[in-house]
Amino acid sequence: MNEPTAYGRPAGHETAAVEVHTPTPLAPAHTAPLMPVQPGTIPAVASVVLPDGRVVTGYAIEPAKPEPVAVKPAVSRAAVNIALGGVGFLAVCGGLLMLTAFITALTALVTQLVILAAVIFGGWIAVQVFSASGHRGGTTVNIRKAVIKRNKFYG
């Protein structure tokens, strides 16, 4: 079985030699003459000691400062609009509920008035019918047996 070596690779997969690549500087893409610019202040010179003992000296590059971000409100405008829409929706729902209750009550009132009018009018008619047995003033007509001969009335 292949046992791992000190570098974590199975036996038989060792590399023959280690290749070291040293970077070579690239030639500038354009050969425009550089114009020297005098800095406003003298930048600090930094020195770095590499692990192999070499010392690299150069100017420290300041990181680019991002542009200041515009001040945002604590609550976004969209959230405020959504909240106002919810409040308006609740107000409309409450109004519709009250309107429905009003229409229901009005319907019940109209129904009761119609029933009351029918009872009163029916009672008045009943009084008229049942009180007709008594004699009221007026003309009384007695109808006798009449004879009609040759389109003439003999009464």
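**Terms and cut-offs in a predicted model**

Modeller: F121 and W124 sit 3 residues apart in helix α1, so about one helical turn separates them. This is a predicted model, in which local features need pLDDT of at least 70 and side-chain atom pairs count only at pLDDT 80 or more, while totals for chains, interfaces and linings use all residues. Residues are numbered from 1 along each chain as its sequence is written, and side-chain values use heavy atoms, with hydrogens and water left out.

Colleague: How many aromatic pairs does the structure hold, and why is the pair of F121 and W124 called stacked?

Modeller: The structure holds 1 aromatic pair. In that pair, the ring centres of F121 and W124 are 6.1 Å apart and the planes make an angle of 25°. Rings of Phe, Tyr and Trp (its six-membered ring) pair if their centres lie within 6.5 Å; planes under 30 degrees apart count as stacked, over 60 as edge-to-face and the rest as tilted. The 6.1 Å and 25° therefore make this a stacked pair.

Colleague: Are F121 and W124 buried or exposed?

Modeller: Relative accessible area is 51% for F121 and 52% for W124. Buried means under 20%, exposed over 50%, and partly exposed in between (1.4 Å probe, protein chains only). F121 is therefore exposed, and W124 counts as exposed too.

Colleague: What makes R54 and D52 a salt bridge?

Modeller: A side-chain nitrogen of Lys or Arg must lie within 4 Å of a carboxyl oxygen of Asp or Glu. Between R54 and D52 the N to O distance is 2.9 Å, so the pair qualifies. The structure holds 1 salt bridge. R54, at 53% relative accessible area, is exposed, as is D52 at 54%.

Colleague: How do you know that β1 and β2 pair?

Modeller: Two strands pair if DSSP finds at least two bridges between them. Strand β1 (residues 45-49) and β2 have 5 bridges, in the antiparallel sense, so they pair. V48 stands opposite V56, and A46 opposite G58. The two strands form a hairpin with 5 residues between them, and G53 in the turn has a positive phi of about 105°.

Colleague: How many residues of β1 and of β2 are buried?

Modeller: The number is 0 of 5 in β1, so that strand lies largely in the open. Strand β2 (residues 55-59) also has 0 of its 5 residues buried, so β2 lies largely in the open. Over the 155 residues of the protein chain, 0% count as buried.

Colleague: What makes L116 part of a nonpolar patch?

Modeller: Patch residues have over 30% relative accessible area and no salt bridge; like charges are joined within 9 Å, nonpolar side chains (Val, Leu, Ile, Met, Phe, Trp, Tyr) within 5 Å. L116, at 48%, is partly exposed, and this passes the 30% mark. Other members of the patch include V92, F102 and I120, and the patch has about 1,100 Å² of accessible area together (Shrake-Rupley method, 1.4 Å probe; for residues, only the protein chains shown count as cover).

Colleague: Why is the element that holds L116 called a helix?

Modeller: Helices are DSSP runs of H or I with at least four residues, strands runs of E with at least two, numbered from the N terminus. L116 lies in α1, residues 77-130, so that run meets the minimum. The chain has 1 helix and 4 strands, in the order β-β-α-β-β.
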